[in-house]
Amino acid sequence: MCVNKSRIVEIAKDLIKYKSLTGMEKDIGEYVSGFFESIGVEYGIYEKEKGRPNIIANLGHGEKTIAFNGHLDVVPIADESMWETDPFSAELKGNRLFGRGAYDMKGSCAVMMHITEILAKEKLNGNLQIQLVSDEEKGAKFGTRHIIELIKKGKIKKPDCVIIGEGSDLKIRNGERGILVFDVKFKGRAAHTAKARSDAINAIVLASKAVIAIDREIDKFHPEIGTPAISVNMISGGKVKNQVPGECVITVDRRTIPGETKETVFAEIEQQIDRVLGRKSYEILNTLYGPANITPKDSSFVKTVFEVIKDILKTEPEFYVGEGGVTDARFYRYTGMPTIIYGPLGEHAHGPNECVDVDSLEKQANIYLGLINNHFTNRR
Ligand SMILES: [Zn+2]
């Protein structure tokens, strides 16, 4: 049995029809386990919290283990009137399949499930893990991070390498920016509006000057990851209409590149704020940080992936250096497992009229089969 594009579309449509918002993955999980059950493939369900399933299908036995990972959860619909189709009806128009999650990333999950049915009856010279997980969109505590905990405890076999199917335009994405989220709390002096020009120090004004100083382009570049990014994404301050606010808090999301750390970024930010405020009237709080991470281009895994793709597509694959967000790949890289992202073409992940290019799903499936075959046969 070889790759069948319409079969991938059929499975993807089934997946899209589940409204599997993060936290609501129970029903789609049952569909996925039913699927593995129906093709006679061994699988396990791993839940850190009840109703948040992670399903791992296991094919073949042997020393070598290769894992594919995809998430089943999707983000909500912000404004349904912006959609040209019902976001959960999964409509195919020409080469494009529309719906929430089509591109991010139920199309890829369908590819992985299709591969499982292709290989279900084959004798594999190693272990193939298909991991379909919950909770990617909200930090992966109940999803991939839970699986990694179980790998560390020896309850799930440790893969030699991991391929994640997030959209990558059929390019190899071997690294991603880090994420540093934090609050800055500005302290002024509250007073009656009548005293605004004498007694009071307006914390919203302090914050405003700081926002203008830090929310800007950052002139740095890393060849495998691109540029850093910063955005002030939340602000809150003021209690009543007739009182100058004494406090204002902003939330900043800063994406980092290799060479940057939490400390270097904070030093940079403090310098920029101090320059416009002239005094230390703020503090940085509630920090959340995960560094930039790369599986190097010259690692044997990335080199192998490159060669396999070149062989199948008859052209040298490109590397993806874009404005991508963070993915579950980082958790695997933090534990030292070689990890890449390789996924389809598509548009509008998280936005209205999200869609995936169906031809690219077919290519992706052939590449995945090639990677599995290569891992179990040729690898040193
Ligand atoms: Zn995703």
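**Two domains and an open sheet**

The centres of domain 1 and domain 2, taken over C-alpha atoms, are separated by 37 Å. The contact takes 10 residues from domain 1 and nine residues from domain 2. On the side of domain 1 that touches domain 2, four residues are nonpolar, three are polar and three are charged. The model is a predicted one. In the domain assignment of the chain, domain 1 covers 5–175 + 292–377. Domain 2 covers 178–290.

Next comes the sheet. Strands of a sheet pair through backbone hydrogen bonds, and the pairing is either parallel or antiparallel. Here, four strands form an open sheet. Their order is 11-13-9-14, and the pairing is antiparallel. Strand 11 (229–237) and strand 14 (282–290) stand at the edges. Each of these two has a single partner strand, so one side of each is left without a neighbour in the sheet. From one strand to the next, the twist averages 15°.

Strand 9 spans residues 178–187, and strand 13 spans residues 247–256. These two strands run antiparallel and are joined by 10 bridges. One residue pair can be named: the bridge partner of Phe182 in strand 13 is Val252.

Two helices complete this description. Helix 5 (residues 203–214) lies across strand 9, strand 11 and strand 13. Helix 5 runs at about 15° to strand 13. Helix 6 (residues 262–277) packs on the sheet and touches strand 9, strand 13 and strand 14. The direction of helix 6 makes about 150° with that of strand 14.

Methods: Residues numbered from 1 in each chain as written. Predicted model: local features only at pLDDT ≥ 70, side-chain atom pairs only at ≥ 80, totals over all residues. Domains from an automatic or database assignment. Contact = placed C-beta atoms within 7 Å. Nonpolar A, V, L, I, M, F, W, Y, C, P; charged D, E, K, R; others polar. Pairing = 2+ DSSP bridges. Axes fitted to C-alpha atoms, helices over the stretch in contact; angles between N-to-C directions.
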